[in-house]
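Here are my notes from a first pass through the model. Have it open while you read, and tell me where you disagree.

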Amino acid sequence: MVTVAEGVHRFGSSLVNWYLIEESGKLTIVDTGMPAYYKQLQPALDELGKTLGDVEAIVLTHTHVDHVGFCDRARSATGASVHVHELEASPGLKRVPPLRLYLRPQSWALGAHLLKTGLLKLPDLGPSTTFVDGQVLDVPGSLRVIHTPGHTSGSCCLHAPRHDALFTGDALVTLDPYTKLKGPRLMIDTVNESTSTAVASLQNVCGVDASHVLPGHGDPWRGGVAGAVERAMRSFRSAKGT
Ligand SMILES: [Zn+2]
Ligand SMILES: [Zn+2]
């Protein structure tokens, strides 16, 4: 466990993150990693001196396999409510990245890791409550939803004002696990529904007042949201050669 902001703890692996927010003794899980990361939950709770019953909510930035992984198992075990954007809740949604992504050698480590941790055990989202842009969720952390479509149509960033943090899912990452490139950036084109929409969506968050940017992949960015957005835009433009 690594504490990445006051009352916010990071778990997962070097390739995929999930988080716990602690507020007034209760917990919210933000994203649920890969299915096999379920085994990290009890030790995480033990370390925090908490029990499964202290988990009140699970909030997902989007529902790709590496973010929805142990969601339904955790929901069953804890009785927590599950929250997701209305465009991510459909059971028929494609949750696994296209196979052609794994043709490049830089992504082989990720491919092997995903296979080992449950890629083929397509997790069910299970019962969930949907949210929309601008909503403030009544969960520990009082997360405010900022819709940032592009990576997927229902991708959202989640602002935790009391924790001075913004969870960005895959709308803005500091490690692209498919290319191994680090620093604030968008994910590789192939994994985004629409990279041009993802670029435009960065404007939805650049005014958020939070020091800690906590992505779905990569280390926390400590330089504030506007700084992360600026770096991501710069990296996007240099990748496009403009
Ligand atoms: Zn994703
Ligand atoms: Zn991801």
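1. One definition before the rest: helices here are DSSP runs of H or I, at least four residues long, numbered from the N terminus. With that in hand, Arg75 and Asp72 both sit in helix α3, 3 residues apart, which is about one turn of the helix. Their side chains meet in a salt bridge, at 2.7 Å from N to O. Arg75 is partly exposed at 21% relative accessibility, and Asp72 is partly exposed at 22%. Keep in mind throughout that this is a predicted model.

2. Staying with α3, which of its residues are buried? In this helix, residues 71-78, they are Cys71, Ala74 and Thr78. They cover an arc of only 70 degrees around the axis, so they lie on the same side of α3. The face turned away from that buried side carries the exposed residues Arg73 and Ser76.

3. What covers the buried residues of α3? The cover includes three strands, β4 (26-30), β5 (55-59) and β6 (81-85), along with the helices α1 (41-48) and α2 (65-68). After α3 comes Gly79, with a positive phi near 75 degrees.

4. Now the metal. The zinc ion (ligand 2) has four protein donors: Asp66 through OD, His67 through NE2, Asp170 through OD and His217 through NE2, lying 2.1 to 2.3 Å from the ion. In sequence, these donor residues follow the spacing D-H-x102-D-x46-H. As for burial, Asp66 has a relative accessible area of 7% and is buried; His67 is buried too, at 0%.

5. I'd look at the geometry of that site. The angles among the 4 donor atoms of the zinc ion (ligand 2) run from 87 to 154 degrees, and the site is irregular. The reason is the cut-off: four donors count as tetrahedral only if all angles lie between 85 and 135 degrees, and as square planar only if opposite donors are over 155 degrees apart. There is also a neighbour to consider, since the zinc ion (ligand 1) is 3.4 Å from the zinc ion (ligand 2) and Asp170 coordinates both.

6. Two backbone spots to check by eye. Most residues other than glycine have a negative phi. Ser142, however, has a positive phi near 40 degrees. Ser142 belongs to the loop between β7 (129-131) and β8 (144-147), and it is buried, with a relative accessible area of 17%. The other spot is Asp164, not a glycine either, with a positive phi of about 55 degrees. Asp164 is in the loop between β9 (156-160) and β10 (165-169). Is Asp164 buried or partly exposed? At 27% relative accessible area, Asp164 is partly exposed.

7. On packing: in soluble globular proteins, nonpolar side chains tend to be buried together. Here the largest nonpolar core has 37 residues, and the members that touch the most others are Trp18, Leu20, Ile29, Leu41, Ile58, Phe70 and Tyr178. Helix α1 gives the most to this core, with 4 residues. Take Leu20 as a worked example: leaving out residues up to four places away in sequence, Leu20 touches Gly7, Val8, His9, Phe11, Leu27, Thr28, Ile29, Ala44 and Leu48.

8. Back to charges. How many salt bridges does the structure hold? There are 6. One that joins separate parts of the chain is Lys50 with Glu22, where the closest N and O atoms are 4.0 Å apart. Lys50 is in the loop between α1 and β5 and Glu22 is in strand β3 (residues 17-23), so the pair ties together parts that are 28 residues apart in sequence. Lys50 is buried, with a relative accessible area of 17%, whereas Glu22 is partly exposed at 23%.

9. For contrast, a pair within one helix: the side chains of Arg234 and Glu230 meet in a salt bridge at 2.9 Å, N to O. They are 4 residues apart in helix α6 (residues 225-240), and therefore separated by about one helical turn. Arg234 is partly exposed at 44% relative accessibility, as is Glu230 at 46%.

Conventions: Residues are numbered from 1 along each chain as its sequence is written. Chains are lettered from A and ligands numbered from 1 in the order in which they are written. This is a predicted model: local features need pLDDT of at least 70, side-chain atom pairs count only at pLDDT 80 or more; totals for chains, interfaces and linings use all residues. Side-chain values use heavy atoms; hydrogens and water are left out. Buried means under 20% relative accessible area, exposed over 50%, partly exposed in between (1.4 Å probe, protein chains only). Helices (H or I, at least four residues) and strands (E, at least two) are DSSP runs, numbered from the N terminus. The arc is that of the directions from the helix axis to the C-beta atoms. Contact means heavy atoms within 4.5 Å. Donors are N, O and S atoms within 2.8 Å of the metal (3.2 Å for Na, K and Ca); water is not among the atoms, so sites may look incomplete. Four donors count as tetrahedral if all angles lie between 85 and 135 degrees; four count as square planar and six as octahedral if opposite donors are over 155 degrees apart and all others between 65 and 115; anything else is irregular. A nonpolar core is a set of buried Ala, Val, Leu, Ile, Met, Phe, Trp, Tyr and Cys residues joined through side-chain atoms within 4.5 Å.
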